[in-house]
Structures are given as C-alpha cells and as structure tokens.
Amino acid sequence: MNKTLSIVLVVFLAFLALAFWGRKAQNTEPAEAGSGSQISPLSAPETSYDFGRISMKDGLVEKTFVVTNSSSEDLFVERISTSCMCTIAFITLADGKEKGPYGMIGHGASVPKANETIKAGETRTVRVVFDPNAHGPAGVGKVERIIYLEDSLGRITEFSFSGLVTP
C-alpha cells in the first residue's frame, strides 16, 4: 500500500509541476515597443493589403510593397521569410534586379539568407506572390499571411495580406 501511495504522490506532484510550468509560460508576454525592443528603421506607406476574393481557378496573385530605409545609416537585411509555404517574396536590388524567392522557414528547401544592404534613404520593393492552390481543395476561406524582413540587429519589419480564397 505504501508503494502505491508513493507512486500516486509522485504522479500528482509531476502534474502539479507541469501545470505550474505551463501557467508561467502562458503569462509570458512579448515585449512592447519602447520596453527594450528596437523598432526597425524601415518604413513603408503600406504594410497590409486585402486582395478581397481570390479565385483558385485564376491562380497566383501578387502584391508589391515599397520599403524605405528612413535612417541615416545603411541597413543590412539578413533574412526575408514568410508565414506560410503558400507565399514567397522577392526583393528588388539597387540595380533593379530581383533576388529571391524567400519562403517559409522550416518547410521544403532551405530559405536562403537575403544578405542585402539598403543604404540610408534608399527605397526597395518587396514583391509577394501567393498561391491559392498550395493547400489544395481544403484551402478555401479566409487567409492572412505575413512577410518578415529581419535586419542584422534582429529588428523585424512585417508586411501582411489577407483575402478570401474561393474555388
């Protein structure tokens, strides 16, 4: 009987420890701007876009975002990535050529680093391509995707789009 009671007590304490650990992790909130996090010097007149209805039968849709380095120093964009494998992004270089594609980290082929310098005051474009067929027939409905530009200091600029995928 003592052995059974000990096992029950150990199991109970393990569950209690897991519950406490889960509660502590749940209460952790991301840092707000101004509380130690750094704001990216990249600025954009438009950071989100709504495609409205996106027909699967019409195929790919694209959106181009404009981004400017509004600081007085050059900015090194280390990584460009997307929130889903159905979305890829390209960045226009200073010479007008395009670099990419950049996709979702951890899915399929590895996502190359952008390693692109945007000089102070310089403007670039980020072209985003969404494939409404990537998720197959079950992929209909509301979509929201994010594109991340991360500089060498870990500051992130986000662009997003949404739409309603229809057959």
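**Exercise 1. In which strand does Pro 101 lie?**

Solution. Pro 101 lies in strand S6. Strands are DSSP runs of E with at least two residues, numbered from the N terminus. The peptide bond from Gly 100 to Pro 101 is cis. Its omega is near 5°.

Ground rules for all exercises: this is a predicted model, where local features need pLDDT of at least 70, side-chain atom pairs count only at pLDDT 80 or more, and totals for chains, interfaces and linings use all residues. Residues are numbered from 1 along each chain as its sequence is written, and side-chain values use heavy atoms, with hydrogens and water left out.

**Exercise 2. Lay out the open sheet and find its edges.**

Solution. Step 1: apply the pairing rule, under which two strands pair if DSSP finds at least two bridges between them. Step 2: read the order. Five strands give S1-S3-S8-S5-S6, with antiparallel pairing. Step 3: find the edges. S1 (42–43) and S6 (98–102) each have a single partner strand, so one side of each is left without a neighbour in the sheet.

Step 4: check the S1 end. S1 is joined to S3 (residues 61–69) by two bridges, and the two strands run antiparallel. Leu 42 stands opposite Asn 69 in S3.

Step 5: check the S6 end. Three bridges link S5 (residues 87–92) and S6 in antiparallel fashion. Thr 92 faces Glu 98 in S6. S5 and S6 make a hairpin with five residues between them. In the turn, Gly 96 has a positive phi of about 95°.

**Exercise 3. Compile the pairings of S10.**

Solution. Step 1: take S2. S2 and S10 run parallel and are joined by six bridges. Asp 50 has Ser 162 in S10 as its bridge partner. Step 2: take S9 (residues 141–151). S9 pairs with S10 in the antiparallel sense over 10 bridges. Val 143 has Gly 163 in S10 as its bridge partner. Step 3: inspect the turn. S9 and S10 form a hairpin with four residues between them. Gly 154 in that turn has a positive phi of about 85°.

**Exercise 4. How many aromatic pairs are there? Analyse the one formed by Phe 51 and Phe 161.**

Solution. Step 1: set the rule. Rings of Phe, Tyr and Trp (its six-membered ring) pair if their centres lie within 6.5 Å; planes under 30 degrees apart are stacked, over 60 edge-to-face, the rest tilted. Step 2: count. The total is four aromatic pairs. Step 3: classify. Phe 51 and Phe 161 are edge-to-face, at 5.4 Å centre to centre and 80° between the planes. Step 4: place the rings. Phe 51 is in S2 (residues 48–55) and Phe 161 in S10 (residues 156–166), so the pair ties together parts 110 residues apart in sequence.

**Exercise 5. Characterise two loop residues, Glu 122 and Asn 115.**

Solution. Step 1: locate Glu 122. The residue is in the loop between S7 (116–118) and S8 (123–130). Step 2: list its contacts (heavy atoms within 4.5 Å). Setting aside neighbours within four places in sequence, Glu 122 touches Val 67, Thr 68, Asn 69, Ala 94 and Thr 117. Step 3: turn to Asn 115, in the loop between S6 and S7. Asn 115 has a positive phi of about 45°, although not a glycine.

**Exercise 6. Which residues line the largest cavity?**

Solution. Step 1: fix the term. On a 1 Å grid over the protein atoms alone, a cavity is a set of points where a 1.4 Å probe fits but cannot get out; lining residues have an atom within 4 Å of a point. Step 2: list the lining. Phe 130, Asp 131, Pro 132, His 135, Gly 139, Val 143, Arg 145 and Val 165 line the largest cavity.

Terms used: 1 Å grid on protein atoms, 1.4 Å probe; cavity = no way out; pocket = protein on both sides within 12 Å on 5 of 7 lines; lining within 4 Å.
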